[in-house]
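This report looks at one helix and at the aromatic rings of a protein chain. Please keep the sequence and the 3D structure in view while reading.

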Amino acid sequence: MHRLWMLHHHCQRWGSNHFMSVAIFTNSTYDDLVLQIQEVAPGCDLDYLTIQIIPATNIPIANYPINSLRNLAIAGVSTSHFLYADIDFFGNFELYDILHSSSSKHAFSQDPKLAAVIPALAYKRACADE
């Protein structure tokens, strides 16, 4: 939940009218979570967002269910291909267009084992408080 504000950036970069599947570890109800998303990510079109919840009740933060969240988000995918990214991985603003270009589509259609590697870059934070 403390990273929910990052969803706004994903909608900006991926495109608010392109499908995304998210799994969230929270004690909020689905309806409360939708309200929170509308508040922190007003540019996200909820018609294109699959939202699934893993309840945080009685699960110590040390046992954060990373694999369960990933698998739940993938299970919510309704397309033939998907890009898996953690919430704090911000893709390039042109990433959607690059992956949907004619040359990319042709390459993926020719090889069922073809994978795209999206480089992850980090930057040194200027502030100590995050």
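The text below describes a predicted model, starting with a helix and going on to aromatic pairs.

Helix α1 covers residues 7-14, and its buried residues are Leu7, His10, Cys11, Arg13 and Trp14. An α-helix has 3.6 residues a turn, so residues three or four places apart point the same way. The buried residues of α1 pack against two strands, β1 (20-26) and β2 (49-55), and also against the helices α2 (30-40) and α4 (95-99). After the helix comes Gly15, which has a positive phi, near 110 degrees.

The structure holds two aromatic pairs. In one of them Trp14 and Tyr96 meet edge-to-face, with 4.9 Å from centre to centre and 90 degrees between the planes. This pair links distant parts of the chain, since Trp14 lies in helix α1 and Tyr96 in helix α4, 82 residues apart. Trp14 counts as buried because its relative accessible area of 18% is under 20%, and Tyr96 is likewise buried at 18% relative accessibility.

The other pair is formed by Phe19 and Tyr48, whose ring centres are 5.1 Å apart and whose planes stand at 55 degrees, so the pair is tilted. Phe19 belongs to the loop between α1 and β1, whereas Tyr48 belongs to the loop between α2 and β2, and this pair too links distant parts of the chain, 29 residues apart.

The table gathers the ring residues with their accessibility.

| Residue | Relative accessibility | Class |
|---|---|---|
| Trp14 | 18% | buried |
| Tyr96 | 18% | buried |
| Phe19 | 49% | partly exposed |
| Tyr48 | 28% | partly exposed |

Technical notes:
Residues are numbered from 1 along each chain as its sequence is written. This is a predicted model: local features need pLDDT of at least 70, side-chain atom pairs count only at pLDDT 80 or more; totals for chains, interfaces and linings use all residues. Side-chain values use heavy atoms; hydrogens and water are left out. Buried means under 20% relative accessible area, exposed over 50%, partly exposed in between (1.4 Å probe, protein chains only). Helices (H or I, at least four residues) and strands (E, at least two) are DSSP runs, numbered from the N terminus. Contact means heavy atoms within 4.5 Å. Rings of Phe, Tyr and Trp (its six-membered ring) pair if their centres lie within 6.5 Å; planes under 30 degrees apart count as stacked, over 60 as edge-to-face and the rest as tilted.
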